[in-house]
Amino acid sequence: MDSKEGGSNPLPPVLRISQLDAFELDRALEQLMWSQFSRCFQCFKPGLLTRFEPELKASLQLLLWRFTVFSRNATVGQELLNIRYKNDLSRGQKYRPMSKHQKLWYALCTVGGKWLEERLHDLFSNRSPESAIHKMKYFITFIVGFLKVAGLLNFLIFLQKGRFATFPERLLGIRAVFSRPQGARQVGFEYMNRELLWHGFAEFLIFLVPLINTRKLKTTISSWFLPIDDHRENDGTLAIHCKECALCGEWPTMPHSIGCRHVFCYYCIKSNYLSDAYFSCPKCSSEVRNILPLKHEIQKVPDSNSGLC
């Protein structure tokens with residue numbers, strides 16, 4: 001493989017998105033390992049691991065580094081994407097594997113840097129302002145800020161040139177290259193088209209659903225399948241319909257009328273009328289003239305015994 005990696009026939013450059021995807025996979029693996037590790041102590045006293053959390057995370061990261069970068073010259077995310085670290089081509093005639101010193105410095109920059117950033121406040125919180133150790137805090141804080149600015153600038157350069165995704169990579173002169181020669185990249189847009197179509201349809205539903213009056217639709221459909229037998233206008237009273245709410249079909253609670261010969265629960269008719277100002281009776285399509293208790297309607301009936309509910 002060295003002959004293919006030389007200056008005369010170098011490997012094709014690794015895409016920027018592939019390098020960034022490798023970092024995202026590594027972060028996901030670290031979070032997964034930490035969640036599995038902390039789950040082992042969920043039956044212990046709460047907050048037991050909080051005091052030593054930075055050290056425990058650093059230990060897990062060192063364990064990953066030992067079996068990934070140190071032994072295979074690649075992180076887990078890079079292994080999944082057929083990528084590995086090697087020395088930059090500009091420093092020699094061909095890509096060479098990482099040296100042992102580069103691996104150690106890589107661990108110090110990545111694992112040690114994260115640990116120092118998390119422990120920086122605790123290390124100097126109990127020191128007096130006049131002590132030399134406390135004054136060292138400002139120096140370390142300046143170094144951490146400088147490295148963050150350098151990382152930002154390095155990332156902007158990476159977006160332009162596609163080399164050295166992180167500042168430690170540029171500092172150590174290591175570059176992500178393909179482990180094996182890559183074939184032609186086949187780009188298919190079937191999945192993208194399907195996703196765009198689904199997202200467009202979902203946005204259309206999100207816009208359309210709030211405009212649909214579900215209560216009125218429900219009552220209209222229920223009137224088709226659960227009709228009440230029609231009665232003559234002079235067959236007597238509302239007592240025939242007083243046994244059943246025209247909306248919910250149950251015994252009316254606080255029966256009310258809207259001006260027609262049907263009866264409704266107070267909460268049924270009130271909630272539907274508030275949600276739909278043009279609500280009409282689902283049985284006879286009468287519009288709401290006034291919501292009145294049933295006793296006002298019963299007073300109009302000649303036979304008082306037949307109007308009792």
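1. Cysteines 245 and 248. In this predicted model, the sulfur of Cys 245 has its closest cysteine sulfur in Cys 248, at 3.7 Å, which is too far for a bond. A disulfide needs the two sulfur atoms within 2.5 Å, so the pair does not count as one. Cys 245 is buried, with a relative accessible area of 1%.

2. Cysteines 43 and 40. For Cys 43 the closest cysteine sulfur is in Cys 40, 9.9 Å away, and this too is too far for a bond. Cys 43 is exposed, at 74% relative accessible area, whereas Cys 245 is buried. A search of the whole structure gives 0 disulfides.

3. Strand β2. This strand covers residues 174–178, and 5 of its 5 residues are buried, so β2 is largely enclosed by the rest of the structure. Ile 174, Ala 176 and Phe 178 point one way from the strand, while Arg 175 and Val 177 point the other way. Residues on both sides are buried, Arg 175 among them.

4. Pairing of β2. What is the partner of β2? Strand β1, residues 83–87, is joined to β2 by 5 bridges, and the two strands run antiparallel. Within this pairing, Ile 83 stands opposite Phe 178. Phe 178 is also one of the buried residues that point the same way as Ile 174 from β2.

5. Nonpolar surface patch. Twelve residue names need not be memorised here, but the patch can be traced on the model: it includes Trp 198, Phe 201, Phe 204, Leu 205, Leu 217, Ile 221 and Trp 224. Together the patch residues have about 1200 Å² of accessible area. Two elements, α9 (190–208) and α10 (214–225), give two or more residues each. The largest share, 6 residues, comes from α9. Trp 198 is found in helix α9 and is exposed, with a relative accessible area of 52%.

6. Annotated span 138–159. An unreviewed UniProt entry carries the annotation "transmembrane region" for residues 138–159. In the model this span is 100% helix and 0% strand. The C-alpha atoms at its ends lie 32 Å apart. The annotation comes from the record; the helix content and the distance are computed from the model.

7. Salt bridge between α6 and α7. How many salt bridges does the structure hold? There are 5. One of them joins Lys 148 and Glu 117, whose closest N and O atoms are 3.1 Å apart. Lys 148 lies in helix α7 and Glu 117 in helix α6 (residues 100–124), so this pair ties together parts that are 31 residues apart in sequence. Glu 117 counts as partly exposed, at 44% relative accessibility.

8. Salt bridge within α2. Arg 27 and Glu 24 form a salt bridge, with 2.8 Å between the closest N and O atoms. Both residues lie in helix α2 (residues 16–39), 3 residues apart, which is about one turn of the helix. Arg 27 is partly exposed at 44% relative accessibility, and Glu 24 is partly exposed at 47%.

9. Salt bridge within α3. The side chains of Lys 57 and Glu 53 meet in a salt bridge, at 3.0 Å from N to O. Helix α3 (residues 53–67) holds both residues, 4 residues apart, about one turn of the helix. Lys 57 counts as partly exposed, with 25% relative accessibility, and Glu 53 is partly exposed at 25%.

10. Positive phi at Phe 164. Most residues other than glycine have a negative phi. Phe 164 has a positive value, near 60°. Where is Phe 164 placed? It sits in the loop between α7 (132–161) and α8 (167–172). Phe 164 is buried, with a relative accessible area of 8%.

11. Positive phi at Met 254. The phi of Met 254 is near 55°, again a positive value in a residue other than glycine. Met 254 is found in the loop between α10 and β3 (256–257). Is Met 254 buried or partly exposed? With a relative accessible area of 43%, Met 254 is partly exposed, whereas Phe 164 is buried.

Notes. Residues numbered from 1 in each chain as written. Predicted model: local features only at pLDDT ≥ 70, side-chain atom pairs only at ≥ 80, totals over all residues. Heavy atoms only, no water. Buried < 20%, exposed > 50% of the residue type's maximum accessible area, 1.4 Å probe, protein only. Pairing = 2+ DSSP bridges. Patch = residues over 30% accessible without salt bridge, like charges linked within 9 Å, V, L, I, M, F, W, Y side chains within 5 Å. Areas by Shrake-Rupley, 256 points an atom, 1.4 Å probe, with all protein chains shown as cover. Salt bridge = Lys/Arg side-chain N within 4 Å of Asp/Glu carboxyl O. UniProt positions renumbered as here; feature names shortened; annotations may be inferred.
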